[in-house]
Every structure is written in C-alpha cells, then in structure tokens.
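Grab a coffee and open the viewer: here is a set of short exercises with worked solutions. Try each task by yourself before you read on.

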Amino acid sequence: MREPAFWHRPSSWKSNLLRPLGALYGTVAAKRLQRRGIDAGIPVICVGNYHVGGAGKTPTVLALAKLLRELGELPVVLSRGYGGKLRGPVKVDRERHVADDVGDEPLMMAQSLPVVISRDRAEGVALAKSQGATVIVMDDGFQNPAIVKDASLIVIDSARGLGNGKVFPAGPLRAPLGPQLARTDALIVVGDGTAAGAVAAGIAAQGKPVFHARVRPDDGSVNSLHGKRVLAFAGIGDPARFFNTLRASGIEVVRCRAFADHHAFSDREIEDLIAEAGREALTLVTTEKDLARFWTNGAVPARAEAIVPFAVTLAFDDPMQLRRFVTERLFTARERKFS
C-alpha cells in the first residue's frame with residue numbers, strides 16, 4: 001500500500017476523523033500483545049518496527065544474520081511472506097519460487113541465508129528447526145504474539161520517526177506506542193535525523209540499549225554507476241530514502257519514479273520505464289528488493305536485464321555494543337530454556 005501523506009504531517013482533519021477507528025484498532029492490538037505465545041525451544045530474535053511501512057528491517061535482518069554466523073550460529077529467517085500467495089510453511093528456493101509465491105523480501109534474503117515463510121508462525125518455527133536452525137530471526141512479527149521472543153529489536157528511521165504518532169488508520173502506528181515500548185528490548189535508530197529522538201530517549205530511560213546505524217551503499221554498486229545519469233525507481237516503504245541515498249553517493253539522479261510498497265510491476269510499466277530511460281540515455285536503477293520481483297528461476301529475465309540493482313548494507317556505529325547484546329541474549333535464552 002502507499003502510505004497516506006497525512007500520516008507524516010501534523011494532526012489534520014483526516015487523521016482526526018479516523019481517530020475513533022484508530023482507538024478501536026489500538027485497543028484490540030494492545031490486548032493481542034498481551035497474549036502468551038509458544039516457546040520455540042531455541043532462541044528467537046525479532047526485528048520489527050512500531051509502524052506500518054519501511055524503516056530498514058530487511059538490511060537489519062541481514063546484518064544480524066551475518067553477526068550470528070560470526071558467532072558460530074546457524075540463523076534461519078522466519079517471515080510471514082507478505083505479498084506472496086503461499087501460506088507455508090515452506091523454505092524459500094530461488095530456483096523454484098518467484099516473488100508472487102513467497103514475497104519479495106524473503107526471496108531477496110534467500111540469496112544469502114535460509115528463509116522460511118509461514119502464515120502460521122508456529123509451523124514456521126518447526127520447519128526452521130528441521131533445517132538445523134540454532135537461532136530464529138523473525139523478519140517482522142513484533143506485534144504477533146504467537147511465538148515467545150527472546151529479544152525484540154525495533155528499527156526506526158531517524159528522519160521519518162513515527163509520523164503523526166497516531167494508531168492505524170489515523171496514523172502509521174500498528175498499536176498504541178506505550179505497550180510497544182514496554183516490549184522493546186533494544187532500539188536501532190537508522191540515520192542522522194532527529195525525528196526518533198523522543199522514542200530513543202524513552203527507551204534509554206528504561207535502561208535498554210539504543211543502537212545507531214546507517215545505510216551504507218555497496219562500493220561495487222556505487223562504482224558501477226559512477227559518471228552515469230540515472231532514472232531511479234522504487235516500490236518500497238520509503239522510496240525517497242532510496243533516492244536520497246543515491247544522491248548522497250554522488251550519483252546523478254535525473255528522474256525518480258516512486259511506487260507503492262511491494263508494487264507488482266506490470267510488463268507495460270517496465271516497458272515505459274525502459275523507454276523513458278532510453279529517450280534521455282539514462283541508466284535504470286532500483287533496489288535489490290524491487291529487482292527480486294522480476295526474478296524467474298533464480299535469474300533476472302531478459303526484459304529486466306537493463307535494470308541495475310543498487311545494493312546497501314546496514315553499518316552500526318558501535319558493532320561491539322550490538323555483539324555484546326546479542327551474545328548476552330543468546331546465553332540468557334539458552335539458560336532459561338534448558339535450566
């Protein structure tokens with residue numbers, strides 16, 4: 001879905017009109033958060049956010065999985081498979097699945113680590129364990145109480161913050177902020193903006209860690225676009241962040257085209273983008289997540305070969321701080337489960 005503009009503006013008549021619905025939704029969501037889930041039997045680390053839309057969860061999941069592997073763990077990502085038609089549980093296979101089957105984010109992440117998608121999280125846990133997982137990394141699912149979480153890391157964009165701070169549909173929050181803050185074990189603030197300052201202060205006041213990180217463009221991606229004029233397009237939660245990252249990397253962005261998150265590009269749309277780029281001798285560039293929607297049998301089809309993916313990673317200001325937190329959480333989880 002494309003986020004309404006009023007979600008990210010001061011209180012408006014539209015948000016006020018929807019506040020009663022937001023109050024009802026928030027009451028149900030807050031009660032749901034209090035439910036007790038099942039114990040997975042192995043440590044579960046959840047990467048989530050407080051609101052609808054993009055904040056940087058996917059690069060955070062990839063960075064966390066990399067750290068876990070460095071610690072000698074075998075992480076398996078558990079995702080709902082948003083945007084895919086399969087209910088699961090199923091292990092994502094890039095040679096067999098397409099984004100319409102399992103969702104674009106799981107398909108993209110399956111390039112580098114095992115990913116299981118399942119509408120039923122408990123069934124997904126069973127499949128992940130059968131794949132030899134020593135740790136489950138939940139991609140989203142913070143508001144889903146089905147599985148007991150040993151650590152919930154919440155990602156927030158420092159430039160966008162929480163928008164107008166109201167609960168869906170009056171604003172972007174998935175549940176009232178108070179109960180969500182209480183269940184947060186650590187906060188990850190992405191970028192150098194100030195919009196997340198109040199939330200970060202609230203988490204720090206509870207004695208919980210606040211990690212600072214930033215999106216780091218891949219050197220190879222930057223070099224491949226050096227000296228080129230580009231037409232950038234994206235169907236993610238915050239396309240403007242992608243466009244700004246390109247510009248901050250010294251890439252000349254001549255045209256931008258923004259689409260709704262998880263947008264399923266039609267052949268006509270791709271043809272139009274290619275034609276528009278061709279008229280001005282521009283290079284087409286998009287995110288890895290967007291390009292994953294084109295994959296067939298593990299490869300990009302001929303119609304999308306002209307599109308250049310722009311890879312990014314998440315770099316933490318203090319990686320040892322994160323390493324200590326994760327190590328302590330794993331130790332505590334295993335001590336509790338096996339005592």
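**Exercise 1. Two cysteines and the disulfide search**

Task: Decide whether Cys 256 is buried, partly exposed or exposed, and do likewise for Cys 46.

Solution. Please keep in mind that this is a predicted model.
- Step 1: Cys 256 has a relative accessibility of 25%. Buried means under 20% and exposed means over 50%, so Cys 256 counts as partly exposed.
- Step 2: Cys 46 has a relative accessibility of 0%, so this residue counts as buried.
- Step 3: A search for disulfides across the whole structure returns 0.

**Exercise 2. The overall build**

Task: Work out how the protein chain compares with a globular protein of its length.

Solution.
- Step 1: Begin with the secondary structure: the protein chain holds 12 helices and 13 strands.
- Step 2: Its radius of gyration is 20 Å, and the globule rule gives 20 Å for 339 residues; the two values are close, so the chain is as compact as a globular protein of that length.
- Step 3: For the outer dimensions, the C-alpha atoms fill a box of roughly 65 × 50 × 40 Å along the principal axes.
- Step 4: Now turn to the interior: 53% of the 339 residues count as buried.
- Step 5: Take the contacts between residues at least 6 apart in sequence; 75% of them join residues at least 24 apart.

**Exercise 3. Surface and charge**

Task: Describe what the protein chain exposes and how its charged side chains are balanced.

Solution.
- Step 1: About 15,200 Å² of the protein chain is exposed, and 53% of that area comes from carbon and sulfur atoms.
- Step 2: The side chains include 45 positive and 36 negative ones.
- Step 3: The centres of these two sets are 6 Å apart.

**Exercise 4. Backbone oddities**

Task: Find which peptide bond next to Pro 89 is cis, which one next to Pro 169 is cis, and what the phi values of Asp 140 and Ala 281 are.

Solution.
- Step 1: Start from the usual case: most peptide bonds are trans, and most residues other than glycine have a negative phi.
- Step 2: Gly 88 and Pro 89 are joined by a cis peptide bond with omega about 5°. Pro 89 sits in the loop between strand S2 (75-79) and strand S3 (90-91).
- Step 3: From Phe 168 to Pro 169 the peptide bond is also cis, with omega near 5°. The loop that holds Pro 169 runs between strand S6 (151-157) and helix H6 (177-182).
- Step 4: Asp 140 is not a glycine, yet its phi is positive at about 75°. Its place is the loop between strand S5 (135-139) and S6.
- Step 5: Ala 281 has a positive phi too, near 55°. This alanine lies in the loop between helix H10 (267-279) and strand S11 (283-287), and at a relative accessible area of 64% Ala 281 is exposed.

**Exercise 5. Who touches Ile 45 and Phe 259?**

Task: Trace the surroundings of Ile 45 and Phe 259, leaving aside neighbours within four places in sequence.

Solution.
- Step 1: Ile 45 is part of strand S1 (residues 44-48). With 3% relative accessibility, Ile 45 counts as buried.
- Step 2: The contacts of Ile 45 include Leu 64, Leu 68, Val 137, Leu 153 and Leu 330.
- Step 3: Phe 259 belongs to the loop between strand S10 (252-258) and H10. Its relative accessible area is 15%, so Phe 259 is buried.
- Step 4: Among the contacts of Phe 259 are Arg 2, Phe 233, Pro 239 and Leu 273. Arg 2 is 257 residues away in sequence, but the C-alpha atoms of Phe 259 and Arg 2 are 7.5 Å apart.

**Exercise 6. Two helix residues**

Task: Locate Ser 15 and Thr 58, and name their contacts beyond four places in sequence.

Solution.
- Step 1: Ser 15 lies in helix H1 (residues 13-33), and its relative accessibility of 0% makes it buried.
- Step 2: Ser 15 touches Phe 6, Asn 164, Lys 166 and Ala 170.
- Step 3: Thr 58 lies in helix H2 (residues 57-70). At 11% relative accessibility, Thr 58 is buried.
- Step 4: The contacts of Thr 58 are Glu 105, Met 108 and Met 109.

Methods:
Residues are numbered from 1 along each chain as its sequence is written. This is a predicted model: local features need pLDDT of at least 70, side-chain atom pairs count only at pLDDT 80 or more; totals for chains, interfaces and linings use all residues. Side-chain values use heavy atoms; hydrogens and water are left out. Helices (H or I, at least four residues) and strands (E, at least two) are DSSP runs, numbered from the N terminus. The radius of gyration is taken over C-alpha atoms; the globule rule is 2.2 Å times the number of residues to the power 0.38. Buried means under 20% relative accessible area, exposed over 50%, partly exposed in between (1.4 Å probe, protein chains only). Contact means heavy atoms within 4.5 Å. Accessible areas come from the Shrake-Rupley method with a 1.4 Å probe; for residues, only the protein chains shown count as cover. Lys and Arg count as positive and Asp and Glu as negative; His and the chain ends are not counted. The place of a charge is taken as NZ of Lys, CZ of Arg, CG of Asp or CD of Glu. A disulfide is a pair of cysteine sulfur atoms within 2.5 Å.
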